[in-house]
Structure formats: structure tokens, C-alpha cells
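Trainee: Got a minute to go through this one with me? I'd like to start with the fold and then move on to the ligand.

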Amino acid sequence: MFNYLIIGSGFAGSVIAERIANILNRKVLVIEKRNHIGGNCYDYKDENNILVHKYGPHLFHTDSKDVFDYLSNFTEWHIYQHKVLAFIDGKKVPIPFNLNTLYEVFPKSLAEKLESKLTTKFQYNSKVPILDLLKEEDTDLNFLANYVYDKLFKNYTAKQWGLKPEDIDPQVTARVPICISRDNRYFTDKYQAIPKEGYTKIFERMLNHPNIKIMLNTDFKEIIDIDYEKKKIFFLGQEFKGKLIFTGMIDEFFNFNYGYLPYRSLDLKFETIDQEYYQEAPVINYPNDYDFTRITEFKYIHPTKSDRTTILKEYPKTYQPNIDIPYYPVFTKENQELYNMYKEDAEKINDLILIGRLADYKYYDMDDAIKRALEVFEERVE
Ligand SMILES: Cc1cc2nc3c(=O)[nH]c(=O)nc-3n(C[C@H](O)[C@H](O)[C@H](O)COP(=O)(O)OP(=O)(O)OC[C@H]3O[C@@H](n4cnc5c(N)ncnc54)[C@H](O)[C@@H]3O)c2cc1C
């Protein structure tokens with residue numbers, strides 16, 4: 001009945017389902033364990049009539065015209081350039097750290113001196129990794145590098161990854177740059193926009209096709225069996241002769257045979273505030289204070305007339321298998337080796353295609369996930 005089974009309805013699964021239905025005109029079943037489509041990009045209108053992102057703020061940005069054009073088949077856009085402030089020493093200042101930030105955190109004379117040194121030494125509009133600045137012999141530039149590293153990165157990284165600040169190695173974390181410009185935008189990609197009616201509508205339009213059936217509230221293990229020895233796939237007790245496209249966790253697919261792949265998770269706490277606006281920007285990061293990493297105010301992302309506003313605080317935490325949502329893969333050599341063992345096993349099953357951030361154990365932005373899905377469709381599905 002179905003030529004393809006797809007596990008997961010995030011961008012990886014939905015893009016491939018849409019391509020199979022429209023380009024190949026073949027039948028697809030999308031199996032999704034949550035009670036909605038869209039994976040982590042799912043959004044909905046809350047009780048304040050504000051469109052909120054259930055799994056944390058999602059801002060679309062890409063340099064790929066192909067990805068932007070492809071998504072534009074399913075949505076109109078609001079032009080939107082994302083801005084983020086960071087709460088440092090009691091002030092909210094623009095990040096990524098740039099020449100404007102200098103004047104917010106330092107007295108004017110010091111800011112002028114640092115700006116002059118930076119623009120003499122580095123090309124205007126370039127990005128200089130903190131790690132390079134930390135190696136500078138000039139005492140002023142070295143002071144600046146240490147200030148930015150200590151105030152912006154060290155404690156934020158510690159919170160995000162659950163580490164002690166003193167255990168953080170600048171060789172790994174200090175790759176983030178200072179921008180030698182007055183550009184306060186968070187991203188500099190050519191295409192930055194917000195889908196006019198939100199992300200969920202994109203998924204609804206992608207999957208709304210007579211060739212696509214969706215099964216929500218269903219873990220794939222309830223209806224699919226894998227004979228790992230014989231490398232065969234069974235669907236509802238019958239051997240399945242089509243292709244299985246899996247976008248869930250690769251270790252779960254193999255019953256955690258070699259052990260669990262570690263992730264970081266988040267506690268996401270939404271709050272209604274009884275005032276028109278709560279903060280000065282869509283996102284404010286808190287590198288050094290409080291236990292949350294950032295606060296998002298969704299009204300800025302999806303403008304809405306309302307006397308109230310909805311904010312979201314993100315508290316990073318260790319991922320507990322079967323309890324939490326796995327958000328961020330933890331990149332270590334050891335974890336990559338564990339992933340490679342699963343990947344080798346996956347490659348032995350002919351009609352299995354693994355794709356997406358959980359199956360590839362990689363941090364993908366939305367555009368990366370879409371691009372990868374379009375490539376995999378052309379290379380392995382078509
Ligand atoms: C907090 C946060 C903020 C982010 N912000 C941005 C941003 O601003 N901009 C940006 O470009 N990207 C952002 N991203 C990344 C973005 O969420 C991903 O690129 C995108 O979701 C990847 O899509 P995917 O299909 O690979 O995975 P997912 O969206 O995770 O989809 C996987 C789907 O598979 C389902 N599934 C898993 N296991 C099973 C199972 N056993 N049975 C059935 N179904 C299963 C899941 O329920 C899920 O729906 C953010 C990510 C996070 C965590």
C-alpha cells in the first residue's frame with residue numbers, strides 16, 4: 001500500500017515526504033510519535049493569541065537561494081532581521097559583540113581607543129575569533145579579548161553544557177568572533193525572514209497531498225519491526241518492500257545496543273506577563289546571571305496586538321533518556337565514535353535511509369536540515 005515509510009514529521013521527514021508525493025507520485029506514510037507535525041519547529045497560538053514556538057525560538061536564516069525558494073512554495077514571508085541583546089554588568093548590550101557594543105560597556109575614551117586599535121589592525125566588516133584576540137600582544141586588545149570571553153562566553157557555555165567555568169577550554173569555546181562593524185544583527189545571511197503564518201502552516205501545506213498519510217501519537221516501534229540479523233523491515237507484521245526513512249535517534253533505532261548517545265536538553269518555561277511588552281528585544285541572553293540562558297518575547301517575532309505578552313525562559317539540563325527531549329548532541333570524540341558504530345550498522349540495511357539532526361547526530365539549523373533532505377531525496381530516494 002505504501003512505497004515509503006517515514007519516521008518523524010520535522011523538516012527532514014516532511015521535505016522528503018513532500019518530494020516523494022509530488023515528484024515521484026508514490027505513496028508515503030509519515031509516522032510521528034508527538035500529537036502534532038513539524039518536529040521542533042512546531043508553533044501555535046497561545047491563550048494570548050500570540051504565535052509561540054513550542055520548542056524554543058526558531059529564526060529562519062540561510063544563504064541558500066535553493067532552500068529559500070523551496071520553502072517559499074509553502075509560505076509567504078515577513079522580512080525580519082533578528083536582534084539579540086546580552087545582559088552584562090547590569091546593562092543590555094547588542095551581540096554579537098561589535099563596535100557598537102564597545103560604547104555600551106566601556107567609558108567613551110576607552111571605547112574610542114579600542115575601536116581605533118581594532119579598525120587599524122583588522123579589516124572593517126571582518127570577524128575576529130576571540131581566540132585570535134586572546135593571543136594579541138597589545139595589552140588593550142588582550143584586555144578586550146579577556147573581557148568578552150569572561151563576560152559573554154565562559155559562563156554561557158558553562159550553563160548551556162552543564163560544565164564548570166574553570167573546566168572550559170578557550171581553544172574549543174573561543175572561536176566565536178568579535179565583529180569589526182556596526183552591524184547589530186544576530187545573523188548576516190542573505191535570506192532572513194519569518195513565515196507569515198508560522199512554521200506549522202508550512203508543514204500542513206507540505207504534507208497536504210493525497211499520496212501522504214500521517215499517523216500521529218505513534219512510536220514507530222508500535223508498528224515497525226526490524227530483523228537486525230536478516231536486515232529486514234516489517235510493517236504491521238508483513239515484510240516491507242519499500243524504503244524506510246528514519247529521522248529519529250539513531251541509537252533508539254538500534255535499541256541502544258552500544259549505549260546511549262548523550263544530548264543536552266532544556267526546561268522551557270512559558271509565562272504570560274500582564275503588560276504590553278516585557279523586554280527591549282526579541283531575545284535577551286543572560287550569560288552570567290540567573291539559571292536560564294535566555295528570554296524570548298514572541299510578540300517581536302510575530303507582531304500581535306495584545307495587552308499581554310508571552311515570554312519563554314530556557315533552562316539547560318542533562319538529557320535523561322525516555323524522559324526529556326534530546327535537543328543538542330554533545331560533540332566529543334567518544335560520542336562521535338559511538339555514533340559511527342550505529343552508522344555502520346545502519347549502512348548494512350539496504351532500504352534504510354537515516355537523515356535529520358537525531359539520525360545524523362549533528363546540530364542542524366532548519367536550512368541545513370532542508371538542504372540535506374533535498375540532497376538525500378535526489379541522491380538516494382529518487
Ligand atoms: C531550542 C532550539 C532552537 C532552535 N532554533 C533554531 C533557529 O533559530 N534557527 C534554525 O534554523 N534552527 C533552529 N533550531 C534547529 C531546528 O530545530 C532543526 O534544524 C530542525 O528541527 C531539524 O529538523 P529534523 O526533522 O531533523 O528534526 P526534528 O524537528 O526533531 O524532527 C524529528 C521528528 O521525529 C519524531 N520522532 C523521533 N523519534 C520518533 C519515534 N521513535 N517514533 C516516531 N516519531 C519519532 C520527533 O517527534 C520529531 O517530530 C533550533 C533547535 C533547538 C533545539
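Trainee: What share of the contacts with a separation of 6 or more comes from residues 24 or more positions apart?

Mentor: Keep in mind that this is a predicted model. Residues at least 24 positions apart account for 72% of those contacts in the chain.

Trainee: And how many helices and strands does the chain have?

Mentor: There are 12 helices and 22 strands.

Trainee: How does the radius of gyration compare with that of a compact globule?

Mentor: The two agree, because a compact globule of 382 residues would have a radius of gyration near 21 Å and the chain has 23 Å. Along the principal axes, the C-alpha atoms fill a box of roughly 75 × 50 × 35 Å.

Trainee: What percentage of the residues is buried, and how much area does the chain expose?

Mentor: Of the 382 residues, 54% count as buried. The exposed area of the chain is about 18,600 Å², with 47% of it supplied by carbon and sulfur atoms.

Trainee: On to the ligand. How many residues surround the ligand, and which are the closest?

Mentor: The shell has 33 residues, and the closest are Glu 32, His 58, Leu 59, Tyr 364 and Met 366. By class, the shell splits into 16 nonpolar, 10 polar and 7 charged residues.

Trainee: Which helices supply at least two residues of that shell?

Mentor: α1 (11-24) and α12 (366-381) each do.

Trainee: Which backbone atoms lie close enough to count as polar contacts, within 3.5 Å?

Mentor: Among them is a backbone N or O atom of Asn 40, 3.0 Å from an oxygen atom of the ligand. A polar backbone atom of Phe 220 is 3.2 Å from a ligand nitrogen. For Asp 365, a polar backbone atom is 3.3 Å from an oxygen atom of the ligand.

Trainee: How much of the ligand's own accessible area does the protein cover?

Mentor: The protein covers 97% of the 1,000 Å² that the ligand has on its own.

Trainee: Different topic: Asn 217. Is Asn 217 buried or exposed?

Mentor: Asn 217 has a relative accessible area of 52%, so it counts as exposed. Asn 217 sits in the loop between β12 (212-215) and β13 (224-227).

Trainee: Which residues does Asn 217 touch, leaving out those up to four places away in sequence?

Mentor: Asn 217 touches Glu 32, Lys 33, Arg 34, Asn 35 and Glu 222. Glu 32 is also one of the closest residues to the ligand.

Trainee: What about His 209, buried or exposed?

Mentor: His 209 counts as buried because its relative accessibility is 18%, under the 20% cut-off. His 209 is in the loop between α8 (199-207) and β12.

Trainee: What does the His 209 side chain make a polar contact with?

Mentor: The partner is the side chain of Asn 22, at 3.2 Å. Not counting residues up to four places away in sequence, His 209 touches Ala 21 and Asn 22.

Trainee: Last thing, backbone geometry. Where is there a cis peptide bond?

Mentor: A cis peptide bond joins Ile 95 and Pro 96, with omega about 0°. Pro 96 lies in the loop between β8 (91-95) and α3 (99-105). Most peptide bonds are trans, and most residues other than glycine have a negative phi.

Trainee: What is the phi of Lys 231, and of Asn 255?

Mentor: Lys 231 has a positive phi of about 60°, and Asn 255 has a positive phi of about 50°. Lys 231 is partly exposed at 35% relative accessible area, and Asn 255 is partly exposed at 48%.

How values were computed:
Residues numbered from 1 in each chain as written. Predicted model: local features only at pLDDT ≥ 70, side-chain atom pairs only at ≥ 80, totals over all residues. Heavy atoms only, no water. Near = heavy atom within 4 Å. Polar contact = N/O pair within 3.5 Å; in protein donor to acceptor, adjacent residues only side chain to side chain. Areas by Shrake-Rupley, 256 points an atom, 1.4 Å probe, with all protein chains shown as cover. Helix = DSSP H or I, 4+ residues; strand = E, 2+ residues; numbered from the N terminus. Nonpolar A, V, L, I, M, F, W, Y, C, P; charged D, E, K, R; others polar. Rg over C-alpha atoms; globule rule 2.2 N^0.38 Å. Buried < 20%, exposed > 50% of the residue type's maximum accessible area, 1.4 Å probe, protein only. Contact = heavy atoms within 4.5 Å.
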